[in-house]
Amino acid sequence: MNSKKDIYIVRNADNNISVSEELKEKGFNYECKILTNTVIEANKLIASKLQLPIASKVCSFRKLRIVDEEPISIEQVYIDLNQLPDLPHVNLTNKSFYEWLLTTHDVKVTRREETIKVAKADKEEAKLLNISIDEKVMMLEGISFCERQIPFEYYQVICIPGFYHYRSVNYESE
């Protein structure tokens, strides 16, 4: 079994490979426990990120990602219910959300905008990740886009430091 510091994936700025796919490619054993999957009304922040009117119905699901028996990340996802009305009824336990999207709805994420911060784990996050309260964690906040290039998904991730290694790519402009 790996220690938490040995568990990481490389997140490339120039591709949109899912976390589950990256973990499979690296040979890690992983599971995803769905903590919540419900329909809520979009607050001002969620509505703004998804470019929806306030109080629009969105599917909100939260999952705990466990890799090699170590809790690694807590992921909160929001998606416009009109785009995926069946999502609140889908059991995503141990399933890749992006793989389900592609196989069930022929929807592929084509672009991602992400912000990375350092934060301190609150009581609930510390308990789920099996770390100390106020221990430093990585906090990712992002928006995913599909073919139509409108916001498709708004997400927030809290994970152990070092789980994501980032690689950026710059192209010469013409």
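**Close-up views**

**View A. Ala 55 is found in the loop between helix H2 (44-50) and E3.** This and the other close-ups come from a predicted model. The thing to look at here is the backbone: phi of Ala 55 is near 80°, a positive value in a residue that isn't glycine. As for its surroundings, Ala 55 counts as partly exposed because its relative accessibility is 35%.

**View B. Asn 130 has a positive phi too, at about 60°, although it is not a glycine.** Look for Asn 130 in the loop between helix H4 (123-129) and E6. Is Asn 130 buried or exposed? With a relative accessible area of 60%, Asn 130 is exposed.

**View C. Glu 141 is buried yet has no salt bridge.** This residue belongs to strand E6 (residues 136-145). Which side chain of opposite charge is nearest to Glu 141? That would be Lys 117, at 4.2 Å, whereas a salt bridge has to fall within 4 Å. What Glu 141 does have is a polar contact of 2.3 Å, side chain to side chain, with Tyr 154. Leaving out residues up to four places away in sequence, the neighbours touched by Glu 141 include Lys 49, Thr 115, Tyr 155 and Gln 156. Glu 113 and Glu 114 are also among the residues that Glu 141 touches, and those two glutamates turn up again in the next view.

**View D. Glu 113 and Glu 114 each have an arginine partner: Arg 111 for Glu 113, Arg 112 for Glu 114.** In the salt bridge between Glu 113 and Arg 111, the closest N and O atoms are 2.5 Å apart. Both ends of that pair are partly exposed, with relative accessibility of 39% for Glu 113 and 31% for Arg 111. The side chains of Glu 114 and Arg 112 meet at 3.9 Å, N to O. Here the two ends fall into separate classes: Glu 114 counts as partly exposed at 23%, while Arg 112 is buried at 18%. Elsewhere in the model, Lys 63, Arg 65 and Glu 75 are joined into one network by salt bridges that share partners.

**View E. Glu 75 and Lys 63 form a salt bridge through their side chains, 3.7 Å from N to O.** This pair links distant parts of the chain: Glu 75 lies in strand E4 (residues 70-80) and Lys 63 in strand E3 (residues 57-67), with the two residues 12 apart. Are the partners buried or exposed? Glu 75 is buried, with a relative accessible area of 7%, and Lys 63 is buried as well, at 5%. For the wider picture, a search of the whole structure turns up 6 salt bridges.

**View F. Cys 32 and Cys 59 are both buried.** Cys 32 counts as buried because its relative accessibility is 0%. Cys 59 has a relative accessible area of 1%, so Cys 59 is buried too. How many disulfides does the model have? The count comes to 0, going by a cut-off that asks for a pair of cysteine sulfur atoms within 2.5 Å.

Definitions and conventions
Residues are numbered from 1 along each chain as its sequence is written. This is a predicted model: local features need pLDDT of at least 70, side-chain atom pairs count only at pLDDT 80 or more; totals for chains, interfaces and linings use all residues. Side-chain values use heavy atoms; hydrogens and water are left out. Buried means under 20% relative accessible area, exposed over 50%, partly exposed in between (1.4 Å probe, protein chains only). Helices (H or I, at least four residues) and strands (E, at least two) are DSSP runs, numbered from the N terminus. Lys and Arg count as positive and Asp and Glu as negative; His and the chain ends are not counted. A polar contact is a pair of N or O atoms within 3.5 Å; within protein, one must be able to donate a hydrogen and the other to accept it, and residues adjacent in sequence count only if both atoms are side-chain atoms. Contact means heavy atoms within 4.5 Å.
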